[in-house]
Amino acid sequence: MSTATSAQPMVQLGGIRKSFHHLDVLKGVDIEVGNGQTICIIGPSGSGKSTLLRCINHLELPDAGVVVVDGEVMGYTEKKGRLVAVRAKDIDRQRRTVGMVFQRFNLFPHLTALENVALTPRQVLGLSRKEANALAEEQLARVDMLSRKDAYARQLSGGQQQRVAIARALAMKPKVILFDEPTSALDPELVGEVLQVMKDLAAEGMTMVVVTHEMQFARECASEVVFMDGGRVVEQGSPDEIFGSPRHERTRAFISRVAHETAASG
Amino acid sequence: MTSTAHASPGEIADPSIRSARLARLASLPLKKHAHPWRWLSGAFIIAALVFVVRAFARGDIEWSEVAAYLFDDRILEGLGQTVQLAVICTLLGTAIGIGVAVMRLSRNPVASSVAWFYVWIFRGTPDLLQLLLWFNLALVFPTLTIPGVWEARTIDVVTPFVAAVIALSISAGAYIAENVRGAIAAVDHGQLEAASALGLPKRSTFRKIVMPQAMPSLIPAIGNHAIILLKLSSLASVISYTELMGSAQEIYYVNARVVELLFTIAIWYLVATSLAGVLQYYLEKWYGRSNVVTRTNSLDRATARVLNRLRSGTKGA
C-alpha cells in the first residue's frame, strides 16, 4: 500500500468478481497499479491470477466490478447513473491502450516477425506500409530481434517468439502491458532473455502487470507484489515485505514452498 | 531391388565398448521388408487393366471418330462453356460458403439459424432438382419486379445459363460453407485472443488473421468442389444449356456416334479436372508458404515431381 499511493494510478480494479459455471474464480478483487509501476501477481495455480489479468483488458468480462485504465472505465460508459456497455469498436480502441503478452506467445504463424508487429499499427492507426514497418523495426530493435525480422514464428525459439510478441504489444504504444506467465512455456535456458527484456521495460518506466512464477524476477523488479489465493488478494506489499516478512500464514507457506522447489530444481 | 538390398554391416569404433554380443550384432547386415504382396497385387491389377483396354480396343467403337471430334468446333465451344460455368460457380460458391459459414458461427441466433437452414435445404436436395426448380422459376413468378425501378419477364432473366449458375453456386455454397466452418473453427483460439488484445477490429481479424490461417486447409476442399462443379455442370444440358455434355448430345443425336462422342468429352473432362488439380497444387503451395499447415501425400509429391520435370524441361529447351 505504501508505494501505490506515491504514483498516479494507471490501472484500478474495484470489486472484480468472476465465476465460470458456478465456480467462483474471483471473489472481489481490488488492486491499484501506479503509473510506471511493475506489479507482480503471484500465487498457487487456480488462485485466479490469470483470470484477473484477462479481466483488465476484458478478454474475460467480469461479472461484477469495474476496471479503470488511465481514468477510463473499460468496456462501459456512465449514462444516467448506470454503466452501459460500449460498442465493439470502442472496446477495441480501449484495448489498444493495454498491451498483452501471452504464455503461449500467440504470434500470428502466417506472418513474419516484422509483419506480426506492423499489422495492427497498419490496420488501426492508418499508417502506410513504410511507416508501419519503420515502427515495427524500431520495436523489434528494442527486444533485440531486428536481425530476425523476416523469420516466421516456427523458425524462432520460444524466447525469440516471446520477444517478438512483446515488440508487437509495444508497437501500439500501450499505457500498460499485461504479462500472463510470459516465461512458463519456455525452456529453462530461454527464460533469461525474456526476463531481461521485461527488466529493461520496467527500468524505462513502463507500467506492467505481471502474473509470474519467477520469484527472482518479482523480488528484483516488482514495485509491488500481490499474493493471491482462492480468488482473493491475500496480501500485498513491497517485495521485501512479501518475501522477507509475510504477514499471512498462506503467503508464508506459498513462499517457502516455491523457494524450496527453486532450490531443489536449481 | 532396393527393397531387398542389404545394408553394409556396422562397426563399433569406440574401443571402450567391449561387449562381444553388441559387436557381433552391430556387424550383422540389415535386411529390409521384401513386400512380396505389393508386387503380386500390382501384377494382378496390370493384368486386369490390360484385359479391359484390350476389350475396348476390340469392341465396336470407331476410335478414329473419337479423335476426329476431339477438336470439333462445337465440342470446343461446349468445353469453353463448361469451364466458364465451373469457374463462375466455384468463385460464387466460395463467396457464398464463406458468408454462410460466418453467419453460422455468429453469436446472433437469427443469423446462425438462417445459415443452418440454408445448408440443410441445399445440401439435402439433389442438384438436378434444384437446377430444374430455378429454371422453372417463371412458373411461380412470371415477372420479376423491383417496385418502381425495374421489371422483367422471368423467362428473359433466368436463362439456362443463369439458372445453372444460380443452382450450382448455391448448392456448392452449402457444401463449402461446412468446409469453411470447419477450417475457421480449427484456427487456434489464442490467435483470436491475441488479435482482441491488440484491439484489432473484427473485420481485420477475420481478413488478416483467421482466413489466411484457414485457407491452407480450405484449398483442398475448394479444389475438390471445382472438380465436382466441372462435372456437375453437365447437368445443365438437361435445361438445354450447351456445355460440353450438351454439345456432344447435339452431335450424336444426328450421327448416332453415341459412345465415340462420350469418350471424346470424357477426355476433355479428364484434361479439365487434371488442370484444376495442378492449379490446386500451386494454390496450396502459395497459402502454405509459411508452413502453417503442411500436408503432403504421395499424390501431391507425384504432382510436384511432374511439374518440376516439366519446368526443368522447358528451361533446358
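The following dialogue examines how certain terms are applied to chains A and B of a predicted model.

Mentor: Residues are numbered from 1 along each chain as its sequence is written, and chains are lettered from A in the order in which they are written. In this predicted model, local features need pLDDT of at least 70 and side-chain atom pairs count only at pLDDT 80 or more, while totals for chains, interfaces and linings use all residues; side-chain values use heavy atoms, with hydrogens and water left out.

Trainee: Why is B:Thr264 called buried?

Mentor: Buried means under 20% relative accessible area, and exposed means over 50%, with partly exposed in between (1.4 Å probe, protein chains only). B:Thr264 has a relative accessible area of 0%, so B:Thr264 is buried. This residue lies in helix H13 (residues 258–287) of chain B.

Trainee: What makes B:Phe51 exposed?

Mentor: The relative accessible area of B:Phe51 is 61%, and therefore B:Phe51 is classed as exposed. B:Phe51 belongs to helix H2 of chain B.

Trainee: Why is the meeting of B:Glu193 and A:Arg54 called a salt bridge?

Mentor: The term requires a side-chain nitrogen of Lys or Arg within 4 Å of a carboxyl oxygen of Asp or Glu. The N to O distance between the side chains of B:Glu193 and A:Arg54 is 2.5 Å, so the pair satisfies the rule. The rule finds one salt bridge across the interface of chain B and chain A.

Trainee: How do you know that chain B and chain A are in contact?

Mentor: Contact means heavy atoms within 4.5 Å. By that criterion, 23 residues of chain B are in contact with 22 residues of chain A.

Definitions and conventions:
Helices (H or I, at least four residues) and strands (E, at least two) are DSSP runs, numbered from the N terminus.
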